[in-house]
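User: I'm new to this structure and would like a close look at one part of its inside. Could you walk me through what sits there and how it ties in with the rest?

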Amino acid sequence: MTTDTATDVFEEHRPVLLGVAYRMLGRLADAEDVVQDAWLRWSAADRASVREPRGYLVRVTTRLAVDRLRQIKARGETYVGPWLPEPYVTDYADTVPDAAERAVLADSVSLAVLVVLESLSPLERAVFVLREAFGYPYAEIAAMLDRGEAAVRQLAGRARRHVDERRPRYDVDPGRRRDLTERFLTAAAGGDLEGLMSLLAPDVRLVGDSGGKARAPLRVLESADKVGRFILGAARKGGVSDATFRFLELNGGPAALVLSGGKPDSVFQMEVADGRIQAVYIIRNPDKLGSLAAA
């Protein structure tokens, strides 16, 4: 296999590798580093002996991501305020024609699920990602992680129960989510508290991620009254009303990218159920918005 062919093969599988690494780490910079390390392993490998390049590359990427995640957890880094994954641009609506497959991919990369995955062990997370998002058989996952198949099945069951217990149930219809997001932003920009409150579920939660580097709540807000008043207060201070908005697909669902002076300022994404907004996610940490400048 020539160098050019090796590059072509790797680039063909790069989106899958980045998808695995991002779901494992929740951070694009870390995921891209892992994929780059996988390329170095691939370029130095005896590629003539590799019978199935995709499986080999996924195995290498997964092991590198497990090692990276262990390092992150061992450092015990503290984070100022609530943590959310770095926004990840997806285009499943345009590139994945099968509705069922699209729903699985979107769910596996959603902000709500990735937050839950943070509480799994690195191996549990790897097994969950490979099984639930990419549909790998247990035997292949066992080979990728150098574990017995029975052990992998136990890890998968434990991870699935953990995620099911903690993952909220939301409406995944993108049209409904976008409609409520647009109405939410219109009401906020117009200072319409009554209109805003009509969109919010009574027990709505607002999770704001700033990393201590921008204005955002340092704890999760709960209840329609607290969330509505916070949003209107932020709008009056210039956080929403003087900004421009661009809609795009992030983490498998519609989201609003807020631009200030043409630069990314924040991301809003809503989770909805029963016609009401159940959760509001706001990402304002500038370290997590750089990749959206060209989105």
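Analyst: Let's start with M24. In this predicted model, once you set aside the neighbours within four places in sequence, M24 is in contact with A65, V66 and L69, and also with P122, R125, A126 and V129. If you look up where those partners sit, A65, V66 and L69 fall in α3 (53–75), while P122, R125, A126 and V129 belong to α7 (122–133). M24 itself is part of α1 (3–25).

Now zoom out a little. M24 is one of the 56 residues in the largest nonpolar core, and together with W42 and L117 it touches the most other members. Plenty of helices chip in at least two residues each: α1, α2 (28–44), α3, α5, α6 (111–117), α7, α8 (138–145) and α9 (149–166). The top contributor is α1, with 11 residues. There's also a second, separate core of 24 residues, and F184, L196, I231 and A243 are among its members. As background, nonpolar side chains in soluble globular proteins tend to be buried together.

Back to α1, since this helix turns up again at the largest pocket. There α1 gives the most to the lining, with 5 residues, and α4 (92–95) and α5 (99–108) each supply at least two. The pocket has a volume of about 530 Å³. Its lining counts 23 residues, with P15, V16, G19, Y88 and Y92 lying nearest the centre. Sorted by class, that lining has 15 nonpolar residues, plus 4 polar and 4 charged ones.

Notes. Residues numbered from 1 in each chain as written. Predicted model: local features only at pLDDT ≥ 70, side-chain atom pairs only at ≥ 80, totals over all residues. Heavy atoms only, no water. 1 Å grid on protein atoms, 1.4 Å probe; cavity = no way out; pocket = protein on both sides within 12 Å on 5 of 7 lines; lining within 4 Å. Points joined across faces, edges and corners; volume = space filled by probe spheres on them. Helix = DSSP H or I, 4+ residues; strand = E, 2+ residues; numbered from the N terminus. Nonpolar A, V, L, I, M, F, W, Y, C, P; charged D, E, K, R; others polar. Core = buried A, V, L, I, M, F, W, Y, C linked by side-chain atoms within 4.5 Å. Buried < 20%, exposed > 50% of the residue type's maximum accessible area, 1.4 Å probe, protein only. Contact = heavy atoms within 4.5 Å.
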